[in-house]
Amino acid sequence: MSQSFTHTIDGKAVAGESTFGVVNPATGEVFAEAPDCTPAQLDMAMDAAQRAFRSWRTDEAKRRQTLVECANALKARAGELAPVLTQEQGKPLAKAMEEIIGGMVWFQVTAGLKIPVDAVAEGVEVRRKPYGVVGAITPWNFPLLLAIWKIAPALLAGNAIVLKPSPFTPLSTLKLGEILRDVVPAGVINTISGGDPLGAWITAHPAVRKISFTGSVATGKKIAAAAAPDLKRVTLELGGNDPAIVLKDVDPKAVAEKLFWGAFENNGQVCSAIKRLYVEEEVYQPLVDELAALAKRVKVGNGLEQGTQIGPVNNKPQYQRVRELVEDAKKHGARFVAGGEAIDGKGYFFQPTIVTGIAEGVRLVDEEQFGPALPILPFRRVEEAVERANATHFGLSGSVWSKDVERAKAIASELECGTGWVNQHLAIRPDAPFGGSKWSGIGYENGPYGLAAFTELQTINVAKG
Ligand code: NAD
């Protein structure tokens, strides 16, 4: 790729003093270089954000209009952004385009959210004020969409932002910064790339008043600890080990495809993908057969090739982790009704894998696999399935599948997680809160609830008479 990628700091392109290679997971080879942000460049970004904040916070109507223009700019440049996303992340081009369109929708919907002022008594008002500078840190599975989940509400609320993508997928975010340079006043959005230490520098930086982080539980805990001495506010969107519970009244043929993509969307690299599938005994075998057939049929390949449905695992450490969890399951006597092996050749490809004969106590069930290997576990009683589903530190989301919607809703409400779906999974909306219980996170993103995370309350109380 002959394109060059730069930080966006104070509305300008800033080259790296050094760069790091970005690997295309479909080939295993470096295809582009990203700038490696120095501490001095980080200070420049923070200074720019602090300066920009002073005027940005004053004009709500302008901020709304700017978000609409961000959506338009994204639409206009989607064609050049999508192949960058596919090459660094691995997902099929059509899915990269879907992610960009999702980002556009998030900008549009967020632009229409209200920033309420509550009159609680005569002369007493409660207002929502921005924090100032937001430090935003994102992972590699949906680099653009998850960045926009932060940018749009942070900006609408009146904050300025310094955003760092994952070192595995920095390019589409840098490109987004470049696209938005023409639309957003200088310093309001700063996009910088670097390794994990850059994330730690952002977290520790005195200019930052709010940290919005999406990533793993392990990093989330480090961020919470690093934020504490300065009492920075944090929103943490962390990992999940989502259960789906399938009751015996379903038609296995009718639900199989939805369940399959609930687990294998983005090659299983979705925080809230189905990662443990609990199926009532009566429909267990027919559903396993349907899912195995789908797993064998699906087209795995380079995301740039037409017809590819599932791309590679995004990066080498994650690829090795998926292999390790699968090998561990084999050692514990699990059966592989589809897949179970890495795919020979270049790139980080792994067969879509369906695992039976496995139970709690094996890593593939207990840990977040974040890849294309789904364990399917039978159950006898619904109460038992709910108990097993909840017996984890994770609590991101879960789903219940049944023809009896009211019963399924009641069971979903027993799940200890931020979102309970019925007869669907991964139905994430820009107007509903998304966040985790327990170790899956602190706080929420999206809709008015996510907007609230970028504001703090101030009571204005005027003396009577
Ligand atoms: P990760 O925690 O390794 O990295 C995420 C980001 O944090 C990267 O930008 C990384 O450079 C940065 N980082 C690393 N160490 C840091 C430190 N000490 N201080 C500050 N920043 C640091 O996660 P990942 O592997 O990129 O992403 C996968 C994880 O993200 C999975 O667990 C997945 O479930 C989770 N995730 C959660 C959501 C959600 O909304 N809940 C969404 C997507 C992904």
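**Notebook: a walk through a predicted model**

I opened with helix H12, residues 382-390, and checked which of its residues are tucked away: Val 382, Ala 385, Val 386, Arg 388, Ala 389 and Asn 390 are buried. Note to self: this is a predicted model. Next I asked what covers the buried residues of H12. The cover includes strand E12 (242-246), strand E13 (274-280), strand E16 (373-379) and helix H13 (405-412).

**Following H13**

H13 turned up again when I traced the chain from E17 to E18. Strand E17 covers residues 397-401, and four bridges join E17 to E18, with the two running parallel. I looked up one pair: Gly 398 has Gly 420 in E18 as its bridge partner. The chain gets from E17 to E18 by way of H13, and this β-α-β crossover is right-handed.

Then I looked at the faces of E18, which spans residues 419-422. Thr 419 and Trp 421 make up the covered face, while Gly 420 and Val 422 make up the uncovered one. So much for that end of the chain.

**Strand E7**

Is E7 enclosed or open? Five of its five residues are buried, so E7 is largely enclosed by the rest of the structure. I sorted them by side: Val 133, Gly 135 and Ile 137 sit on one face, Val 134 and Ala 136 on the other, and both faces are covered.

Which strands pair with E7? E8 is one, running parallel to E7 and joined to it by five bridges. In that pairing, Gly 135 has Val 162 of E8 as its bridge partner. Between the two strands the chain passes through H4, in a β-α-β crossover that is right-handed. E10 (residues 208-214) is another partner, also parallel to E7 over five bridges. There, Val 133 is matched with Val 208 of E10.

**The largest nonpolar core**

I moved on to the largest nonpolar core, which has 50 residues. Phe 107, Ile 151 and Leu 155 touch the most other members. I listed the elements that each supply at least two of its residues: helix H1 (39-56), helix H2 (60-89), helix H3 (93-111), strand E7 (133-137), helix H4 (143-157), strand E8 (160-164) and helix H5 (171-181). H4 gives the most, with twelve residues. That is the helix I had just followed on the way from E7 to E8.

I picked Phe 107 for a closer look. Not counting residues up to four places away in sequence, Phe 107 touches Leu 67, Cys 70, Ala 71, Leu 74, Ile 148, Ile 151, Ala 152 and Leu 180.

**The largest pocket**

How much space lies in the largest pocket? I have about 1100 Å³ written down. It is lined by 45 residues, and the closest to its centre are Gly 215, Ser 216, Val 217, Ala 218 and Thr 219. Helix H6 (196-204), E10, helix H7 (217-227), helix H10 (316-331) and helix H11 (363-366) each supply at least two lining residues. H7 has the largest share, six residues.

**Thr 203 in H6**

H6 made me curious, and I stopped at Thr 203, which is found in that helix. Thr 203 counts as buried, at 3% relative accessibility. I set aside its neighbours within four places in sequence and found Thr 203 in contact with Ile 137, Ile 211, Ile 223, Ala 226, Ala 227 and Lys 232. Ile 137 was already in my notes as one of the buried residues of E7.

**Leu 294 in H9**

Leu 294 is found in helix H9, residues 281-297. With 11% relative accessibility, it counts as buried. Beyond its neighbours within four places in sequence, Leu 294 is in contact with Ala 256, Glu 257 and Phe 260. I also looked up how far Phe 260 is: the C-alpha atoms of Leu 294 and Phe 260 are separated by 7.4 Å, with their positions 34 residues apart along the chain.

**Two positive phi values**

Last, the backbone. Asn 267 is not a glycine, yet has a positive phi of about 60°. I found Asn 267 in the loop between helix H8 (252-264) and E13. At 2% relative accessibility, Asn 267 counts as buried.

Phe 370 is another residue other than glycine with a positive phi, this one near 50°. Its place is in the loop between H11 and E16. Phe 370 is buried too, with a relative accessible area of 12%.

Notes: Residues are numbered from 1 along each chain as its sequence is written. This is a predicted model: local features need pLDDT of at least 70, side-chain atom pairs count only at pLDDT 80 or more; totals for chains, interfaces and linings use all residues. Side-chain values use heavy atoms; hydrogens and water are left out. A nonpolar core is a set of buried Ala, Val, Leu, Ile, Met, Phe, Trp, Tyr and Cys residues joined through side-chain atoms within 4.5 Å. Buried means under 20% relative accessible area, exposed over 50%, partly exposed in between (1.4 Å probe, protein chains only). Contact means heavy atoms within 4.5 Å. Two strands pair if DSSP finds at least two bridges between them. A crossover is right-handed if, with the strands pointing away from the viewer, the path from the first strand over the helix to the second runs clockwise. On a 1 Å grid over the protein atoms alone, a cavity is a set of points where a 1.4 Å probe fits but cannot get out, and a pocket is an open set with protein on both sides within 12 Å along at least five of seven lines; lining residues have an atom within 4 Å of a point. Grid points are joined across faces, edges and corners, and a volume is the space filled by probe spheres set on the points.
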